[in-house]
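This report looks at how charged, aromatic and nonpolar side chains are placed in one protein chain. Please keep the sequence and the structure in view while reading.

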Amino acid sequence: MFTQTDYSGSSLEQYTMLSKQLQALLEGENNSIANLSNASALLNQFLERTNWVGFYLMEDGELVLGPFQGLPACVRIPVGKGVCGTAVSDKKTILVDDVQSFPGHIACDAASRSEVVIPLMKEDQVIGVLDIDSPELSRFTEEDRQGLELFAEVLAKHL
């Protein structure tokens, strides 16, 4: 059974606790949809000042919408397009302080102002991305990037 945790300490300590909580939540479950659904719910509960938390999964050479928390979203994103597609083609995390300044940004929610996208990697292949949007400019920090990469690493082992 899931119990909500009181996160304390530095930002990185909080993300470490979150990743341990994710590991415990996913232990023994191998259904990807169930695991992605719980991961998006856990992140949505943990993060403040966000308006969308979810996943896009690689399918037939493009990203397809997966489990998420937030308003309805774009269903398909080509590799190399927008923040999500660029994160796939570059195989690296992209942190955007102002999405309006990102060339080719795909606006699924007009309220989103900043974004962070973390590739989900398995055997050096991108299998999807974790996408998080905020209605605030410059919402995400370097510590968020590091913590979310740890979270994505734990999650990818259960997909």
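## A buried acid without a partner

In this predicted model, Asp131 is buried and yet takes part in no salt bridge, the nearest side chain of opposite charge being that of Arg139, 13 Å away. Since a salt bridge needs a side-chain nitrogen of Lys or Arg within 4 Å of a carboxyl oxygen of Asp or Glu, Arg139 at 13 Å does not serve as a partner for Asp131.

Asp131 has its place in strand β6, which covers residues 125–134. What is Asp131 in contact with, once its neighbours within four places in sequence are left aside? Its contacts are Trp52, Val53, Gly54, Tyr56, Cys84, Glu115, Val116 and Val117.

## Aromatic pairs

The structure holds 4 aromatic pairs. One of them joins Trp52 and Tyr56, two of the residues that Asp131 touches, and this pair is stacked, with 5.9 Å from centre to centre and 25° between the planes. Trp52 counts as buried because its relative accessibility is 4%, and Tyr56 likewise counts as buried because its relative accessibility is 1%.

Ring pairs also link Tyr7, Tyr15 and Phe46 into a cluster.

## Nonpolar cores

In soluble globular proteins, nonpolar side chains tend to be buried together. Here the largest nonpolar core has 24 residues, and of these Leu43 and Ile132 touch the most other members. The elements that give two or more residues to this core are the helices α1 (11–26), α2 (32–46) and α4 (142–156), together with the strands β1 (52–59), β5 and β6. Apart from this core lies another, of 16 residues, which includes Val83, Ala87, Val117 and Val129.

Which residues surround Ile132, leaving aside its neighbours within four places in sequence? Ile132 is in contact with Leu43, Leu47, Thr50, Trp52, Val53, Ser114, Glu115, Val116, Phe140 and Leu148. Trp52, Val53, Glu115 and Val116 thus appear among the contacts of Ile132 and also among those of Asp131.

## Salt bridges

The structure holds 6 salt bridges. One of them is formed by Arg76 and Glu62, whose closest N and O atoms are 2.9 Å apart. Because Arg76 lies in strand β3 (residues 76–78) and Glu62 in strand β2 (residues 62–70), this pair ties together parts that are 14 residues apart in sequence. Arg76 counts as partly exposed, with a relative accessibility of 46%, and Glu62 counts as partly exposed as well, at 23%.

Arg139, named above as the nearest side chain of opposite charge to Asp131, forms a salt bridge with Asp144, in which the closest N and O atoms are 3.3 Å apart. Both Arg139 and Asp144 are buried. A further salt bridge joins Glu149 to Arg145, with 2.6 Å between the closest N and O atoms, and these two residues both lie in helix α4, 4 residues apart, or about one turn of the helix. Salt bridges that share partners join Glu142, Arg145 and Glu149 into one network, in which Glu149 is partly exposed, with a relative accessible area of 28%.

## An exposed loop residue

Is Pro103 buried or exposed? Pro103, placed in the loop between β4 (94–96) and β5 (114–122), counts as exposed because its relative accessibility is 69%. Its C-alpha atom is separated by 16 Å from that of Leu137, a residue 34 places away along the chain.

Notes. Residues numbered from 1 in each chain as written. Predicted model: local features only at pLDDT ≥ 70, side-chain atom pairs only at ≥ 80, totals over all residues. Heavy atoms only, no water. Buried < 20%, exposed > 50% of the residue type's maximum accessible area, 1.4 Å probe, protein only. Phe/Tyr/Trp six-rings, centres within 6.5 Å; stacked < 30°, edge-to-face > 60°. Lys, Arg positive; Asp, Glu negative; His and termini not counted. Contact = heavy atoms within 4.5 Å. Core = buried A, V, L, I, M, F, W, Y, C linked by side-chain atoms within 4.5 Å.
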